[in-house]
Amino acid sequence: MNKKKESFVVNRVKSVGFALRGALLLIKTEASIKVQVFIGLLITAAGFYFEISNTEWILQIFAIALVIGIEGMNTAVEKVADFIQPEFDPKIGFIKDIAAGAVMIVSIAATIIGLIIYVPKFF
């Protein structure tokens, strides 16, 4: 059993491949992510239309990525919880509610960032 160890670079390339596959699976299979990606694309188009500043771009990109990333983690928590306990369990429900709450918190923050950026552009 003399398994050849793969190089650091090969491992990193494989890791990126797994991450891309996971991101695509998330977008293909989760309705909430599809909505969030659509909103992200819409807001990105608005950024080009209104020619927002570099700082506004940074905040906007960070907000979009944070919402989608936390939603991905929420989905992972839900999938693991359902795998561990397919039947209703109040403890699993508690865990899922906390994960969903995290999505809500970052979504509210992202909405506030969007309002700070775009409301002045309309007035």
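**Figure 1. Glu51 in the loop between α2 and α3.** Glu51 is exposed, with a relative accessible area of 68%. In this predicted model, the residue belongs to the loop that separates α2 (31-49) from α3. Although Glu51 is not a glycine, its phi is positive, at about 50 degrees.

**Figure 2. The salt bridge between Lys121 and Glu56.** The closest N and O atoms of Lys121 and Glu56 are 3.3 Å apart, and the two residues form a salt bridge. Lys121 lies in helix α4 (residues 90-122) and Glu56 in helix α3 (residues 54-84), so this pair ties together parts that are 65 residues apart in sequence. The two partners are not alike in accessibility: Glu56 is buried, with a relative accessible area of 18%, whereas Lys121 counts as partly exposed at 31%. The structure holds 4 salt bridges in total, and further examples are shown in the next two views.

**Figure 3. The salt bridge between Lys96 and Asp82.** The side chains of Lys96 and Asp82 meet with an N to O distance of 2.5 Å. Because Lys96 lies in helix α4 and Asp82 in helix α3, the pair ties together parts that are 14 residues apart in sequence. Lys96 is partly exposed, its relative accessibility being 22%. Asp82 is likewise partly exposed, with a relative accessible area of 36%.

**Figure 4. The salt bridge between Lys14 and Glu6.** A salt bridge joins the side chains of Lys14 and Glu6, at 2.4 Å from N to O. Lys14 has a relative accessible area of 39% and is partly exposed. Glu6, at 34% relative accessibility, also counts as partly exposed. Side chains of opposite charge can pair when their charged atoms come close.

**Figure 5. Glu71, a buried acidic residue without a salt bridge.** Glu71 is found in helix α3. The residue is buried yet has no salt bridge, and Lys79, the nearest side chain of opposite charge, is 9.9 Å away. A salt bridge requires the side-chain nitrogen to be within 4 Å of a carboxyl oxygen. Leaving out residues up to four places away in sequence, Glu71 touches Ser32, Ile33, Gln36 and Val103.

**Figure 6. The largest nonpolar core and the surroundings of Tyr118.** The largest nonpolar core consists of 5 residues, namely Ala46, Ile52, Trp57, Ile117 and Tyr118. In soluble globular proteins, nonpolar side chains tend to be buried together. Among the core members, Tyr118 is in contact with Ala46 and Ile52. Beyond its neighbours within four places in sequence, Tyr118 also contacts Ile43, Gly47, Phe50 and Gln60.

**Figure 7. The largest pocket and its lining.** The largest pocket contains about 350 Å³ of space. Its lining comprises 17 residues, and those lying nearest the centre of the pocket are Ile39, Ile43, Ile64, Ala110 and Thr111. Helices α2, α3 and α4 each supply at least two residues of this lining. The greatest contribution comes from α4, with 8 residues. Ile43, named here among the residues nearest the centre of the pocket, is also one of the contacts of Tyr118.

Definitions and conventions:
Residues are numbered from 1 along each chain as its sequence is written. This is a predicted model: local features need pLDDT of at least 70, side-chain atom pairs count only at pLDDT 80 or more; totals for chains, interfaces and linings use all residues. Side-chain values use heavy atoms; hydrogens and water are left out. Buried means under 20% relative accessible area, exposed over 50%, partly exposed in between (1.4 Å probe, protein chains only). Helices (H or I, at least four residues) and strands (E, at least two) are DSSP runs, numbered from the N terminus. A nonpolar core is a set of buried Ala, Val, Leu, Ile, Met, Phe, Trp, Tyr and Cys residues joined through side-chain atoms within 4.5 Å. Contact means heavy atoms within 4.5 Å. Lys and Arg count as positive and Asp and Glu as negative; His and the chain ends are not counted. On a 1 Å grid over the protein atoms alone, a cavity is a set of points where a 1.4 Å probe fits but cannot get out, and a pocket is an open set with protein on both sides within 12 Å along at least five of seven lines; lining residues have an atom within 4 Å of a point. Grid points are joined across faces, edges and corners, and a volume is the space filled by probe spheres set on the points.
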